[in-house]
Amino acid sequence: MARDDLIMIEGKVSDLKGGGIYFITLQNGIDIKAKLCGKMKRFNIKVVVGDRVTVSVSPYDPTHGLITHRFKA
């Protein structure tokens, strides 16, 4: 899927599981699972519980996503 086809949604990291899985609570109250995108891993950007993030979600499976941006506090 092309990067332009993904839906960008803002949310807050609510929980952290093993294997790099983050649970994100979206602004509308829905919880989704997400992983870090490749550039965030490459540049060692850390994401902790409580951070505001942007998640890219596929329109075909809205329960999984990629964390593409972490907002500064």
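The paragraphs below follow strand β4 through this predicted model, starting from the barrel to which the strand belongs.

The sheet consists of 5 strands that close into a barrel in the order β1-β2-β3-β5-β4, and the pairing within this barrel is mixed. On average, and with direction ignored, neighbouring strands of the sheet are turned by 55° against each other.

Within that order, β4 is listed beside β5, and the two strands, of which β5 covers residues 64-70, run antiparallel and are joined by 5 bridges. The connection between β4 and β5 along the chain is a hairpin of 6 residues. Individual bridge partners can be picked out in the structure: Val55 stands opposite Ile67 in β5, while Thr54 has His69 as its bridge partner in that strand.

The pairing of β4 with β1, the strand that spans residues 7-17, is likewise described residue by residue, for the two strands pair in the antiparallel sense over 6 bridges, and Met8 has Ser56 of β4 as its bridge partner.

How many of the 6 residues of strand β4 are buried? Taking buried to mean under 20% relative accessible area, 5 of the 6 residues in this strand, which runs over residues 52-57, are buried, and therefore β4 is largely enclosed by the rest of the structure.

Technical notes: Residues are numbered from 1 along each chain as its sequence is written. This is a predicted model: local features need pLDDT of at least 70, side-chain atom pairs count only at pLDDT 80 or more; totals for chains, interfaces and linings use all residues. Side-chain values use heavy atoms; hydrogens and water are left out. Buried means under 20% relative accessible area, exposed over 50%, partly exposed in between (1.4 Å probe, protein chains only). Helices (H or I, at least four residues) and strands (E, at least two) are DSSP runs, numbered from the N terminus. Two strands pair if DSSP finds at least two bridges between them. Axes are lines fitted to C-alpha atoms, for helices over the stretch in contact, and angles run from 0 to 180 degrees between N-to-C directions.
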